[in-house]
Amino acid sequence: LPVPPQRTQQVTTGLRQVCQQKVSPAVSLGEKKVARCELDTRADTTCCGMNFRPLIESGKKCSVQGFSGSLGAMEDIPIASCATAFEHENGRTYILVFNEALYFGDKMDHSLINPNQVRDNGIPLWDNPYDDLFPKTRPLGIEAGGECKFIPFESKGATVFFRSHVPSDEELEECEHIELTSSTPWNPH
């Protein structure tokens, strides 16, 4: 029986084990899978859910523990470079690449973006709605390369997020790629 997607509130990864690196095959996608990418510093590593597809698996896997020990651990979660497609208000679609991310796929109905992992790659990210400069001079979002590539955030209650979808083969080939996290091994501990 398929396991229904679960809402993850916090992720803590365990030891990372090296297996083999592999490139994920191209996938033909019919309907777009759209989901939220939620900013979450409690997730120690970016977690890619149903709105991502893996590009390259690192060969490393880890155990993932939720916010409560009573939930148990998920084993053998692959660490990969993953991509999601963001439709910008300028009419262009950008492929956002998150390296050294945990790939959950359809096991998560949303994705969790660790803002510190993005910042560690030198990408400015503004997720604090209480910042004195918001919204006058600095809106919430990711400065991914000038105004044309600014990824604005939405918010609902205490959750800050942006929406994206699984990129098609055509989008992966034709749209500009923006690497938001480094390909250098990420050690959140």
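Here a trainee and a mentor talk through a few labels in a predicted model.

Trainee: Why is Ser-164 called buried?

Mentor: Its relative accessible area is 2%. Buried means under 20%. So Ser-164 is buried.

Trainee: What makes the link between the side chains of Ser-164 and Asn-51 a polar contact?

Mentor: The distance is 2.8 Å. The cut-off is within 3.5 Å, for N or O atoms. Ser-164 also touches other residues, including Lys-33, Cys-37 and Thr-84.

Trainee: Why is there no bond from the sulfur of Cys-37 to the closest cysteine sulfur?

Mentor: That closest sulfur is in Cys-48, 7.7 Å away. A disulfide needs sulfur atoms within 2.5 Å. So the gap is too far for a bond. Cys-47 is in no disulfide either, with the sulfur of Cys-48 nearest at 7.5 Å. The disulfide count is zero.

Trainee: How many aromatic pairs are there?

Mentor: Three. One of them is Phe-86 with Phe-162.

Trainee: Why is the pair of Phe-86 and Phe-162 called edge-to-face?

Mentor: Their ring centres are 5.9 Å apart, and the planes meet at 85°. Pairing needs centres within 6.5 Å, and edge-to-face needs planes over 60 degrees apart. So the pair is edge-to-face. Phe-86 lies in strand 6 and Phe-162 in strand 13, so the pair ties together parts 76 residues apart in sequence.

Trainee: What makes Phe-153 and Phe-162 a stacked pair?

Mentor: Their planes are at 15°, with centres 6.1 Å apart. Stacked means planes under 30 degrees apart. So this pair is stacked. Phe-86, Phe-153 and Phe-162 form one aromatic cluster.

Terms used: Residues are numbered from 1 along each chain as its sequence is written. This is a predicted model: local features need pLDDT of at least 70, side-chain atom pairs count only at pLDDT 80 or more; totals for chains, interfaces and linings use all residues. Side-chain values use heavy atoms; hydrogens and water are left out. Buried means under 20% relative accessible area, exposed over 50%, partly exposed in between (1.4 Å probe, protein chains only). A polar contact is a pair of N or O atoms within 3.5 Å; within protein, one must be able to donate a hydrogen and the other to accept it, and residues adjacent in sequence count only if both atoms are side-chain atoms. Contact means heavy atoms within 4.5 Å. Rings of Phe, Tyr and Trp (its six-membered ring) pair if their centres lie within 6.5 Å; planes under 30 degrees apart count as stacked, over 60 as edge-to-face and the rest as tilted. Helices (H or I, at least four residues) and strands (E, at least two) are DSSP runs, numbered from the N terminus. Lists of a residue's contacts leave out its neighbours within four places in sequence.
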